[in-house]
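Got the viewer open and a selection box ready? Let's take a walk from side chain to side chain.

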Amino acid sequence: MRVEINYVTNPKQERVVLECMELKGEFADIHAYCLAKSCALSVFEKERMRRLNVHDILYFEALEERVFAYTQDGVYEVKKRLYELSEEYGSYHFVRCSKAFVIQLLKVESIRPAFNGRYCARMCNGEDVIISRKYARIVKSKIMEGFE
């Protein structure tokens, strides 16, 4: 892959152009990254609403009828269900990994086997998230497909 950078003088001229035979593999990753950088989600922090860049989210967790988004810097409440988040942000490499978690595959540092057919995903913030048996095959296929 050839990389070319052209500097511009006006911020309105900034853009990203991908030239590829097919939108797969690394090109699909770059495409998803660029879209995620411009995609934001409304979250709540201590009853104050703010916009959070989807690319900054490591994972979502459901706790006691509430859903939270975790980033490197903090935890925010989200007013959506996990299934809505996994469907809506699946193209940004979010995948359901258990009844209570949706993880962003690009933020997974490593995956190791746990017990009873489950796996443990180490996120880039050092947190461990369990991948249940029910979702292990789906997560594995997403990783093996190269996030296509």
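What follows is a list of stops, each with something to select and a note on what is there. Keep in mind throughout that this is a predicted model.

**Stop 1: the aromatic pairs**

Start with the rings. There are five aromatic pairs in the structure. Select Y59 and Y70: the ring centres are 4.5 Å apart and the planes make an angle of 15°, so this pair is stacked. Colour by strand and you'll see that Y59 sits in β3 (residues 59-63) while Y70 is in β4 (residues 66-70), so the pair links parts of the chain eleven residues apart. Are these two tyrosines buried or exposed? Both Y59 and Y70 are buried.

Now step to F60 and pick up F94 with it. This pair is tilted, with 5.3 Å from centre to centre and 40° between the planes. F60 belongs to strand β3 and F94 to strand β6 (residues 94-96), so the pair ties together parts of the chain that lie 34 residues apart in sequence. Turn on a surface and look for them: F60 and F94 are both buried. Then add Y89 and Y92 to the selection, and you have a cluster of F60, Y89, Y92 and F94 linked by ring pairs.

**Stop 2: charges over rings**

Stay with the aromatics, but bring in some charge. Select F44 and K79: the charged end of K79 sits over the F44 ring, 5.2 Å from the ring centre. Next, select F115 and R118. Here the charged end of R118 sits over the ring of F115, at 4.5 Å from its centre.

**Stop 3: salt bridges**

How many salt bridges are there to find? The count is seven. Begin with E77 and R66, whose side chains meet with 3.0 Å between N and O. This one links distant parts of the chain, with E77 in strand β5 (residues 75-78) and R66 in strand β4, eleven residues apart. Compare the two ends: E77 has a relative accessible area of 14%, so it is buried, while R66, at 41%, is partly exposed.

Next, select E88 and K80. They form a salt bridge too, with the closest N and O atoms 2.7 Å apart. E88 is partly exposed at 39% relative accessible area, and K80 is also partly exposed, at 26%.

Then go to R122 and D128, where the closest N and O atoms of the salt bridge are 2.5 Å apart. R122 counts as partly exposed at 31% relative accessibility, and D128 is partly exposed at 36%. Before you leave, select R66, E77 and K79 together: salt bridges with shared partners join them into one network. You've already met K79, the residue with its charged end over the ring of F44.

**Stop 4: a lysine without a salt bridge**

Select K107, in the loop between β7 (101-104) and β8 (108-113). What is the nearest side chain of opposite charge? That would be D56, 5.4 Å away, and K107 has no salt bridge even though it is buried. Measure instead to the backbone of H55: its oxygen lies 3.2 Å from a polar atom of the K107 side chain. Expand the selection to the contacts of K107 beyond four places in sequence, and you get H55, I57, L58, R122, M123 and C124. R122 is the arginine from the salt bridge with D128.

**Stop 5: I131**

Move on to I131, in strand β10 (residues 128-131). With just 2% relative accessibility, I131 counts as buried. Show the C-alpha atoms and pick out Y119: it is twelve residues away along the chain, yet the two C-alpha atoms are 4.9 Å apart. Leaving out neighbours within four places in sequence, I131 is in contact with C97, I111, R118, Y119, A121, A136 and V139. R118 in that list is the arginine you saw over the ring of F115.

**Stop 6: S86**

Finish in helix α2 (residues 82-88), where you'll find S86. This serine has 19% relative accessibility and counts as buried. Zoom in on its side chain: one of its polar atoms lies 3.1 Å from the backbone oxygen of Y83. Beyond four places in sequence, S86 touches F94, R96 and V102. And F94 takes you back to the ring cluster with F60, Y89 and Y92.

Conventions: Residues are numbered from 1 along each chain as its sequence is written. This is a predicted model: local features need pLDDT of at least 70, side-chain atom pairs count only at pLDDT 80 or more; totals for chains, interfaces and linings use all residues. Side-chain values use heavy atoms; hydrogens and water are left out. Helices (H or I, at least four residues) and strands (E, at least two) are DSSP runs, numbered from the N terminus. Buried means under 20% relative accessible area, exposed over 50%, partly exposed in between (1.4 Å probe, protein chains only). Lys and Arg count as positive and Asp and Glu as negative; His and the chain ends are not counted. A salt bridge is a side-chain nitrogen of Lys or Arg within 4 Å of a carboxyl oxygen of Asp or Glu. A polar contact is a pair of N or O atoms within 3.5 Å; within protein, one must be able to donate a hydrogen and the other to accept it, and residues adjacent in sequence count only if both atoms are side-chain atoms. Contact means heavy atoms within 4.5 Å. Rings of Phe, Tyr and Trp (its six-membered ring) pair if their centres lie within 6.5 Å; planes under 30 degrees apart count as stacked, over 60 as edge-to-face and the rest as tilted. A charge sits over a ring if NZ of Lys or CZ of Arg is within 6 Å of the ring centre and within 35 degrees of the ring normal.
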